[in-house]
Amino acid sequence: MAAQVQISEEDQLRAGWYALLAQLLSREPNEQLLQMLRGLEGDDSELGQGIRALAAAARGTTVETAKQEYFDLFVGIGQGELLPFASYYLTGFLHEKPLARLRGDMAKLQIARADDVAEPEDHIAALCEMMAGLITGGFGEPAELAVQREFFDTHIGCWAPRFFEDLQAAQSAVLYMPVGTIGRLFLAIETQAFDMAA
């Protein structure tokens with residue numbers, strides 16, 4: 001049996017934030033996710049207030065409404081209000097160089113694409129999932145901080161803050177407005193922490 005990998009409480013928290021964002025953005029919400037969100041409690045920090053707003057939004061919505069909102073934001077008829085892909089944000093097109101670069105880095109880091117996922121790997125949810133795995137050792141050993149930072153800077157930090165700002169301001173966003181706030185604030189904290197560790 002493999003030994004349990006020990007990571008710091010701070011890293012567990014970081015991975016938890018990435019995992020939450022991945023869960024919220026990877027597929028339409030179900031009742032189980034909404035129930036979990038309704039029970040969240042936040043402190044008086046800006047991020048904590050975002051969590052409280054998300055819990056309140058979840059309490060004020062139904063599964064049907066949340067599914068329709070997800071569809072309008074990310075799927076749409078033709079396309080959703082937002083395209084949550086690095087290639088699109090960085091080049092204006094899907095399936096561009098940022099995706100190719102990501103696939104190269106995934107191969108180096110021994111991260112395999114999930115078989116049941118149709119979207120390109122540079123979807124924001126997949127990137128958040130990969131960051132969580134790098135922190136916790138989901139792809140082997142936990143990645144060194146320098147490796148985490150390089151992955152973050154190359155594949156997330158260069159575009160995802162704009163995506164979360166757009167999500168926060170999106171016309172269709174009600175439940176997802178505080179998700180935009182949380183993502184924006186969390187990535188700002190990550191950037192600051194990486195800079196301080198440098």
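**Helix 4, the aromatic cluster and the nonpolar core**

Helix 4 has as its buried residues (under 20% relative accessible area, with exposed meaning over 50% and partly exposed in between, for a 1.4 Å probe and protein chains only) Val63, Ala66, Glu69, Tyr70, Leu73 and Phe74. They lie on the same side of helix 4, because they cover an arc of only 125° around the axis, as given by the directions from the helix axis to the C-beta atoms. The model is predicted: local features need pLDDT of at least 70 and side-chain atom pairs count only at pLDDT 80 or more, while totals for chains, interfaces and linings use all residues. Residues are numbered from 1 along each chain as its sequence is written, and side-chain values use heavy atoms, with hydrogens and water left out.

**Helix 4**
- Helix 4 spans residues 63–75, where helices are DSSP runs (H or I, at least four residues) numbered from the N terminus.
- Its 13 residues reach 17 Å from first C-alpha to last, close to the 18 Å expected at 1.5 Å a residue, the expected span being 1.5 Å times one less than the number of residues.
- The buried residues of helix 4 pack against helix 1 (9–26), helix 2 (31–38), helix 9 (160–169) and helix 10 (176–197).
- Gly76, just after helix 4, takes a positive phi of about 70°.

**Aromatic pairs**
- The structure holds twelve aromatic pairs; rings of Phe, Tyr and Trp (its six-membered ring) pair if their centres lie within 6.5 Å, and planes under 30 degrees apart count as stacked, over 60 as edge-to-face and the rest as tilted.
- The rings of Tyr88 and Tyr89 are edge-to-face, because their planes stand at 80°, with centres 6.1 Å apart.
- Tyr88 is partly exposed at 32% relative accessibility, whereas Tyr89 is buried at 12%.
- Tyr89 also forms an edge-to-face pair with Phe163, at 6.0 Å centre to centre and 90° between the planes.
- Tyr89 lies in helix 5 (residues 86–91) and Phe163 in helix 9, so this pair ties together parts that are 74 residues apart in sequence.
- Ring pairs link a cluster of Tyr70, Phe74, Tyr88, Tyr89, Trp159, Phe163, Phe164 and Tyr176.

**Nonpolar core**
- The largest nonpolar core (buried Ala, Val, Leu, Ile, Met, Phe, Trp, Tyr and Cys residues joined through side-chain atoms within 4.5 Å) has 55 residues, and Leu25, Phe163, Leu167 and Tyr176 have the most contacts inside it.
- Helix 7 (residues 124–136) gives the most to this core, with nine residues.
- Phe163 is buried, at a relative accessible area of 0%.
- Beyond its neighbours within four places in sequence, Leu167 is in contact (heavy atoms within 4.5 Å) with residues including Leu25, Leu73, Phe74 and Tyr176.

Methods:
Helices (H or I, at least four residues) and strands (E, at least two) are DSSP runs, numbered from the N terminus.
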